[in-house]
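Reader: I am new to this structure and would like a close look at a single part of it, the aromatic rings. Please take me through them in one connected answer.

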Amino acid sequence: MKVIKILIAVMIAATVASCGSKNRKERIVSMLDEWIGKELIIPDGLTFTVQSDTIDYNIADCDYKIVTFIDSASCTKCSLRALEWSQQMDVYNNLCNKDVNLVMILSPKDINEAEYVFKRDCFTYPYVIDKERKFFNSNTLPKNKAYHTFLIDGDNRVLAIGDPVYNPNIRRLFADIIAETDEPLADLPPLEASPSSRSVGLMKHDEKKVVKFSIRNTSGDDLTISETIASCRCSDAKVDRSVISAGSEAIVQIIVDGSELSSGMFRHHINVFIEGYNDPLTLSIIGFNNQH
């Protein structure tokens, strides 16, 4: 697959709810131009761990690798998504007769919490606790953490950028590259939510709140919802129908679980993906969590 073809596909399927901004797309293209085909540096001296045991791991010993970096600014419970990663890697490794591996490189605020999540979710892929941020400093990663996940080949050359756990279009893009197939999709879906952001105010640790959004199909065709994905495991989204008829509405109900929230202010997103369209409709929830 040609580099320019991958570059365009990644731009269209970027893990952002694109507002169609020309400047924003130009920045994405510039970033991709820098990264696609570039060698991702895996520094020496990293210690690889699986299920709390140190392993002797040769990262070059596979056809494709997905490398994701999670820094200390991220909520550990929200950002690891260990169970979802395991499920997705099962899919990739069943695509064809090629080995695909995952390496998580972490610089967490709480190492014990990260190890607890891995144990709880029976995570069996290698991870690195990178306290000194060797990986980040060796690669000068993009500022936007949406571009801290890389699909790389056997020579550590970057083929695509984006998080397949958070975006089914990135998921499909990675699969297409691994299986060497591709099909273009359209851009933004013709959906409207007014408002698209709601506040839940102050939440207690043992509290759950329900938020509802109404989304309207502004096109002349029926739209099929392929998936709804929340940015944090503390939020669970359900839609009252899978097909939204032309001109009609659907209700998205979101349950926010305070027990899964970190202390302080939070802002979470729920992405509603429509079949045939790359970018989702994004709904936002903001609030504050009181752990006491």
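Author: Tyr 127 is a good place to begin: its relative accessibility is 1%, so this residue counts as buried. The model is a predicted one. Tyr 127 has a ring partner in Phe 118, and the two centres are 4.3 Å apart. The planes of Phe 118 and Tyr 127 meet at 25°, and because planes under 30 degrees apart count as stacked, this pair is stacked. Phe 118 is buried as well, with a relative accessible area of 3%. Phe 118 and Tyr 127 also belong to a cluster, in which ring pairs link them with Phe 123 and Tyr 125.

Across the whole structure, a search finds seven aromatic pairs. One of them joins Phe 69 and Phe 136, with ring centres 5.6 Å apart and planes at 35°, so this pair is tilted. Phe 69 lies in strand E3 (residues 64-70) and Phe 136 in helix H6 (residues 134-139). With these positions 67 residues apart, the pair links distant parts of the chain. The partners can also be described by their accessibility: Phe 69 is buried at 4%, whereas Phe 136 is partly exposed, with a relative accessible area of 21%.

Rings also have charged groups over them. The charged end of Lys 38 sits over the ring of Trp 35, at 4.2 Å from the ring centre. In another such arrangement, the ring of Phe 213 has the charged end of Arg 198 over it, 5.5 Å from the centre.

How values were computed:
Residues numbered from 1 in each chain as written. Predicted model: local features only at pLDDT ≥ 70, side-chain atom pairs only at ≥ 80, totals over all residues. Heavy atoms only, no water. Phe/Tyr/Trp six-rings, centres within 6.5 Å; stacked < 30°, edge-to-face > 60°. Helix = DSSP H or I, 4+ residues; strand = E, 2+ residues; numbered from the N terminus. Buried < 20%, exposed > 50% of the residue type's maximum accessible area, 1.4 Å probe, protein only. Lys NZ or Arg CZ within 6 Å of the ring centre and 35° of its normal.
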